[in-house]
Amino acid sequence: MDSAASEKSIIALDRWLQSPAGAYVRAWEQACLDELTADIFGFNAVQIGVPQIDALAANRMPNKWQAATRTSSADELAIAASGKQVAVALDFADLPFASQSLDLVVLPHVLEFAAEPHQVLREVERVLIPEGQLIICGFNPASMWGVRQGMGRITSSTYLPTAGEFISMPRLKDWLKLLNLGATRSHFGCYAPPFRTSQWLHRFAFVEGAGRRWWPYLGAVYIVHAIKRVKGMNIIGPAWNKKPGKAPKAVPATNRNERNNQN
């Protein structure tokens, strides 16, 4: 996928997120991201792409930015989900941040619509501090929505944006592992069948609980939480001396009377 195609696919994703299915996905992801980011601490956090979702709304870091592509539409650059202006316009494969400067990066549906997803991950690894955290949202190809999308490519009636290259959870974890980004937690959601109307999606809202219990890995979308591991880095703690100290040898004191008698 070249850069021009990537930009068109991101615009297509923005439009799809306004559909009933897109609103369904946004609601689930917003709730999950609020829960994940609330207890992540640090100083600097960045959300890249999809300003319709405020991934950092519940986070309490002092410096938070929402970033969009340089060629994004005026609407995307003008306002984000929280009503704040998008602060940074950038190229996903060339992030304008210093190395080891960010505590948290959130990528909502960026990798699957990026021209160079591996380069995006390499850039994220570069700008994260040691033990910095990364959160990725993506569509799950191993779901009813993924199957519907595959059939739609044959019949020219797709359900999701057509230009996206959806990444399976095992494949994504392999990519993260190569960059020393260890996946710690994963979440799946949106188990309703791929309906196009909000009425039918609401009718099947009851399958959320059943899906989490009986087929947890078949949700339409997933969220992966990873931490940047640095080889050879050890946590420094107090230098406790485990060896017992040697007791000083007792020096007998000369008895004053004995010295007088000797004299």
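Is Cys190 buried or exposed? Select Cys190 and have a look: at 1% relative accessibility, this cysteine counts as buried. Please keep in mind along the way that the model is predicted.

**Stop 1: the cysteines**

Stay with Cys190 and display its sulfur. The closest cysteine sulfur belongs to Cys32 and lies 9.9 Å away, which is too far for a bond. Now move on to Cys32, which is also buried, at 9% relative accessibility. How many disulfides does the structure hold? The count is zero. Cys32 takes part in none, and the nearest cysteine sulfur to its own, that of Cys137, is 7.6 Å away. A disulfide calls for two cysteine sulfur atoms within 2.5 Å.

**Stop 2: the whole chain**

Zoom out and switch to a cartoon view. You should be able to trace nine helices and seven strands in the protein chain. The chain has 263 residues, and 43% of them count as buried. If you turn on a contact display, look at pairs at least 6 apart in sequence: 69% of those contacts join residues at least 24 apart. With a surface drawn, the accessible area of the chain is about 14800 Å², and carbon and sulfur atoms account for 55% of that area.

**Stop 3: the nonpolar core**

Next, select Trp16, Leu107 and Leu134. Within the largest nonpolar core, a set of 66 residues, these three touch the most other members. Then colour helix α2, residues 20-37, which supplies the largest share of this core with seven residues.

Which residues does Leu107 contact, once its neighbours within four places in sequence are left aside? Show Ile48, Val120, Leu121, Val124, Leu134, Ile135, Ile136 and Cys137, and you have the list. Notice that Leu134, one of the three residues you selected a moment ago, is in this list as well.

**Stop 4: His109**

From Leu107, step along to His109, in the loop that runs between β4 (102-108) and α4 (117-127). His109 is buried, with a relative accessible area of 2%. Check its backbone too: phi is near 60 degrees, a positive value in a residue other than glycine.

**Stop 5: Asn44 on strand β1**

Select strand β1, residues 44-48, and pick out Asn44. At 18% relative accessibility, Asn44 counts as buried, since the limit for that label is under 20%. What does the side chain of Asn44 reach at 3.1 Å? Draw a distance to the backbone oxygen of Ser101 and you will find the partner. Beyond its neighbours within four places in sequence, Asn44 is in contact with Met61, Asn63, Trp65, Ser101, Leu102, Asp103 and Leu104.

**Stop 6: Lys228 on strand β7**

Keep Asp103 on screen and add Lys228. The C-alpha atoms of these two residues are 9.9 Å apart, although 125 residues separate them along the chain. Lys228 belongs to strand β7, residues 221-228. Is this lysine buried or exposed? With 4% relative accessibility, Lys228 counts as buried. To see its surroundings, leave aside its neighbours within four places in sequence and show its contacts: Gln100, Glu125, Arg126, Leu128, Ile129, Pro130, Glu131, Gly132, Asn180 and Leu181.

**Stop 7: Asn180**

One of those contacts of Lys228, Asn180, deserves a click of its own. Asn180 is found in the loop between α6 (169-178) and β6. Asn180 has a positive phi of about 60 degrees although it is not a glycine. In terms of exposure, it counts as partly exposed, at 31% relative accessibility.

**Stop 8: the two sides of helix α8**

Now select helix α8, residues 207-214, where Val207, Glu208 and Gly211 are buried. Look down the helix axis: these residues cover an arc of only 105 degrees, which puts them on the same side of α8. Among the elements that cover them are α2 and β6 (181-189). Rotate to the face turned away from the buried side, and you meet the exposed residues Arg213 and Trp214.

**Stop 9: Arg15**

Finish on helix α1, residues 3-16, by selecting Arg15. Arg15 is exposed, with a relative accessible area of 64%. Add Pro161 to the view: from C-alpha to C-alpha it is 9.1 Å from Arg15, with their positions 146 residues apart in sequence counted as separation.

Notes. Residues numbered from 1 in each chain as written. Predicted model: local features only at pLDDT ≥ 70, side-chain atom pairs only at ≥ 80, totals over all residues. Heavy atoms only, no water. Buried < 20%, exposed > 50% of the residue type's maximum accessible area, 1.4 Å probe, protein only. Core = buried A, V, L, I, M, F, W, Y, C linked by side-chain atoms within 4.5 Å. Helix = DSSP H or I, 4+ residues; strand = E, 2+ residues; numbered from the N terminus. Contact = heavy atoms within 4.5 Å. Polar contact = N/O pair within 3.5 Å; in protein donor to acceptor, adjacent residues only side chain to side chain. Arc of directions from axis to C-beta. Areas by Shrake-Rupley, 256 points an atom, 1.4 Å probe, with all protein chains shown as cover.
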